Amino acid sequence: MSGDPVIHAVNLTRHYRVASRPFAAPSVVKALNEASFDLYPGQTLAVVGESGCGKSTLARVLTMIEPPTSGELTINGRRVELKEGEPPPKDLRREVQIIFQNPYGSLNPRKTVATMLEEPLKLNRRELSADQRRQAALEMIERVGLRPEHADRYPHMFSGGQRQRIAIARALMLNPRILVLDEPVSALDLSIQAQILNLLSDLQDEFGLAYVFISHDLSVVKRIADDVIVMYFGQPVETGPADEVFERPRHPYTQALFSATPIADPNRHKERVRLKGEPPSPLAPPPGCPFAPRCFMATEACTQGDPPLEAVNERVKVACIHVEKPAQTAP
Amino acid sequence: MALLDIAGLDVSFRTTGGLFPAVEDAHIAIDPGEVLAIVGESGSGKSVSMLATMGLLPWTAEVGAEKMLFDGQDLSRLTSRQRRRIVGGEMSMIFQEPMSSLNPCFTVGTQIDEMLRQHRGGSRKERRERTLELLAQVGIPDPAKRIGAYPHQLSGGMSQRVMIAMAISCNPRLLIADEPTTALDVTIQAQILDLLLQLQQDTGMALILITHDMGVVAETAQRVIVQYAGHQVERQDVKSLFAHPRHPYTEALLSALPERAGEQSRLPTIPGVVPGLHDRPSGCLFHPRCRHATEHCRQVAPRAEAGDPARTLCHYPL
């Protein structure tokens with residue numbers, strides 16, 4: 001890995017206070033609990049998990065839309081100190097951009113493509129003239145595989161794949177170093193999905209971008225990720241290099257998730273790890289390990305305490321008391 | 001005799017821009033106890049052909065067919081009253097969005113009960129017992145409590161189970177599942193697919209699964225119909241489809257799957273997009289995106305050969 005990490009996150013935590021009914025004392029929803037990772041330029045970190053596992057909360061914290069409740073976030077070597085309701089420093093904000101899942105909802109239907117692409121320049125690069133802005137927008141349009149005549153069209157004139165290209169172009173206008181991709185291809189058809197994934201990997205090579213790739217589609221993650229964080233109920237349950245995690249999933253949830261994913265090969269009849277039930281309600285978390293009520297390995301000890309994320313070897317960390325850890329490793 | 005036998009089904013929609021052909025020349029035949037998957041991208045007409053069978057299309061649709069038989073009865077000649085007796089009873093459907101397909105104003109018990117009242121009758125007590133039995137059958141814990149729940153109190157997976165309970169309430173002989181797991185998480189998807197297959201095996205009903213997910217097809221179906229832009233481009237047995245796709249579209253679609261792409265650095269893609277209302281190409285509809293297209297493909301639309309077991313809609317099947 002080259003140089004310093006562009007994101008250094010230590011124990012990022014985000015809690016929300018919600019009132020379940022009027023006048024009731026608000027309870028705390030732990031949407032994200034102690035996520036730690038380093039992300040290097042040109043690398044892709046995939047965040048995997050089911051709905052409600054805290055993937056999107058992580059995206060909101062990383063893009064500085066919300067401050068973490070606790071934990072440290074360092075972007076580009078600068079410690080981010082945010083106050084609730086206060087905008088982040090502009091120069092830092094430029095470094096991190098986000099692409100959303102649904103390209104039908106994330107583009108303003110009343111603006112042309114060129115207007116949308118020029119807007120970030122208008123706000124952040126005031127020294128540029130109108131011609132220069134237009135030129136930059138046109139270059140980016142071509143870079144993401146659209147044609148110059150598309151510049152003056154409105155979003156409704158584009159297909160889903162083309163809209164996602166526009167969203168990518170808009171995110172890249174300020175030359176960010178980090179892109180947070182929140183399910184960027186799950187709303188797209190299969191034949192279009194491959195085009196967008198190829199575009200993303202080309203752009204990563206060209207600009208040395210670091211990606212935080214949030215997805216539930218494991219076949220996509222396996223293909224593009226360097227590192228993986230598997231999350232369940234707001235907590236990272238397994239982290240490590242993608243190759244190793246996919247080759248040998250250790251946490252029972254990771255195993256269940258992998259085996260639940262359908263594989264496009266009718267000759268492969270695999271034994272499924274069957275999960276019973278559904279994720280618990282965040283308002284009534286189960287005691288101990290949050291996965292214990294659905295886990296096939298669960299024992300009495302699992303309900304006693306929250307298992308910490310512990311190293312299995314130098315690369316992989318797992319939060320499960322049933323996974324063997326090396327004896328007495330110094331932390 | 002096939003349970004559902006449809007030949008030459010055409011569906012078009014009257015739009016302000018003219019008549020848009022959504023499905024052309026569709027053939028669907030399914031025997032009792034069979035699992036058939038219809039797979040295609042969005043806009044390929046896979047839902048429309050099944051909605052036409054159910055008679056659920058809006059008035060802007062024009063439906064025509066050479067043959068449209070369910071259990072020997074001609075669906076196209078039935079009065080709407082006769083048709084309503086079949087739809088929901090002997091032939092029923094599960095929709096994609098469980099959250100928005102259930103009526104938010106009524107409890108799930110009432111909504112299941114409505115099906116039983118329409119199709120089977122019986123006393124209130126009998127129907128309640130049957131409803132509880134159905135909720136238990138689809139794996140909803142504590143049915144006696146959940147029978148009074150409103151849809152917003154249930155998760156996506158639970159709502160889909162309620163939809164399934166509704167669909168199987170009258171022991172249908174044909175169940176059509178339109179993207180039943182697309183809105184759900186993978187571990188819940190696995191549970192729902194297991195449940196559907198289990199019910200299918202227990203009752204011997206025929207199951208038509210509409211999906212865009214090749215993984216789901218591979219794990220559940222026996223036979224597959226691949227649709228592209230309203231045409232059935234290939235009909236095959238599931239194993240031979242994945243081993244030897246005959247239509248270039250099927251081949252391209254399978255190789256675009258990340259898990260089949262292997263170690264190569266770039267994913268193989270299908271250039272271009274599915275044609276819309278105004279840019280339907282001449283000749284074969286797939287030719288602008290096809291690697292193997294020739295001049296002949298650009299001019300002449302292919303016809304499925306009667307002798308071809310795969311019924312491939314291509315001049316040069318692979």
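## Strands in the chain A sheet

Two strands pair if DSSP finds at least two bridges between them. With that in hand, take β7(A) (residues 178-182) and β8(A) (residues 210-215) in this predicted model: the two strands run parallel and are joined by five bridges. One spot to look at is A:Val180, which stands opposite A:Val212 in β8(A).

Two helices of chain A pack on the sheet here. Helix α5(A), residues 160-172, touches β6(A) and β7(A), and its direction makes about 170 degrees with that of β6(A). Helix α9(A), residues 252-260, touches β9(A) (227-232) and β10(A) (235-241) instead, and its direction makes about 100 degrees with that of β9(A).

How many strands does the open sheet have, and in what order do they come? Eight, running β6-β7-β8-β3-β9-β10-β12-β11 in chain A, with mixed pairing. The edges are taken by β6(A) (96-99) and β11(A) (310-311); each has a single partner strand, so one side of each is left without a neighbour in the sheet.

## Around β1 of chain A

Strand β1(A) covers residues 7-18 and has pairing partners in β2(A) and β4(A). With β2(A), residues 27-39, the pairing is antiparallel and spans nine bridges; A:Tyr16 has A:Val29 as its bridge partner there. With β4(A), residues 70-75, the strands also run antiparallel, joined by five bridges, and A:Ala9 is partnered by A:Leu73.

Is A:Val18 of β1(A) buried or exposed? A:Val18 has 12 C-beta neighbours inside 10 Å, so it counts as exposed, the cut-off for that being 12 or fewer. Leaving aside residues up to four places away in sequence, A:Val18 touches A:Pro26, A:Ser27 and A:Val29. For a sense of scale, A:Val323 sits 305 residues away along the chain, and its C-alpha atom is separated from that of A:Val18 by 35 Å.

## Over in chain B: β5 and its partners

Strand β5(B) spans residues 67-70 and has two faces: B:Met68 and B:Phe70 make up the covered one, while B:Lys67 and B:Leu69 make up the uncovered one. Strand β1(B), residues 4-15, runs antiparallel to β5(B) and is joined to it by four bridges. B:Phe70, from that covered face, stands opposite B:Leu4.

β5(B) also runs antiparallel to β6(B), residues 73-74, with two bridges between them. B:Leu69, from the uncovered face, is partnered by B:Asp74 in β6(B). The β5(B)-β6(B) hairpin has two residues between the strands, and B:Asp71 takes a positive phi near 55 degrees there.

## A run of packed helices in chain B

Two packed helices are described by the angle between their axes and the distance between the axes. For α4(B) (residues 108-119) and α7(B) (residues 156-167), the axes come within 9 Å and cross at roughly 20 degrees. That angle makes α4(B) roughly parallel to α7(B), and the crossing of α4(B) and α7(B) is right-handed. On the α4(B) side the contact is made by B:Val108, B:Gln111, B:Ile112 and B:Met115, and on the α7(B) side by B:Val162, B:Ala165 and B:Met166. Six of these residues are nonpolar, one is polar and none is charged.

α7(B) has a second packing partner in α8(B), with the axes 10 Å apart and an angle of about 15 degrees. That makes α7(B) roughly parallel to α8(B), and here too the crossing is right-handed. From α7(B), B:Gly157, B:Gln160 and B:Ile164 meet B:Ile188, B:Gln191, B:Ile192, B:Leu195 and B:Leu196 of α8(B). The class split for the contact of α7(B) with α8(B) is five nonpolar, three polar and no charged residues.

## Where the chains meet

The contact between chains B and A draws 33 residues from chain B and 29 residues from chain A. Which elements of chain B give two or more residues to the side that touches chain A? They are α8(B) (186-203), α9(B) (214-220), α10(B) (238-243) and α11(B) (248-255). So much for the elements; as for the classes, this side of chain B divides into 17 nonpolar, eight polar and eight charged residues.

Methods. Residues are numbered from 1 along each chain as its sequence is written. Chains are lettered from A and ligands numbered from 1 in the order in which they are written. This is a predicted model: local features need pLDDT of at least 70, side-chain atom pairs count only at pLDDT 80 or more; totals for chains, interfaces and linings use all residues. Axes are lines fitted to C-alpha atoms, for helices over the stretch in contact, and angles run from 0 to 180 degrees between N-to-C directions. Angles under 35 degrees count as roughly parallel, over 145 as roughly antiparallel, 65 to 115 as roughly perpendicular and the rest as oblique. A crossing is left-handed if the near helix is turned anticlockwise from the far one by less than a right angle, and right-handed if clockwise. Two residues are in contact if their C-beta atoms, placed from the backbone, lie within 7 Å. Ala, Val, Leu, Ile, Met, Phe, Trp, Tyr, Cys and Pro count as nonpolar, Asp, Glu, Lys and Arg as charged, and the others, Gly among them, as polar. A residue is buried if 20 or more other C-beta atoms lie within 10 Å of its own, exposed if 12 or fewer, and partly exposed in between; C-beta atoms are placed from the backbone.
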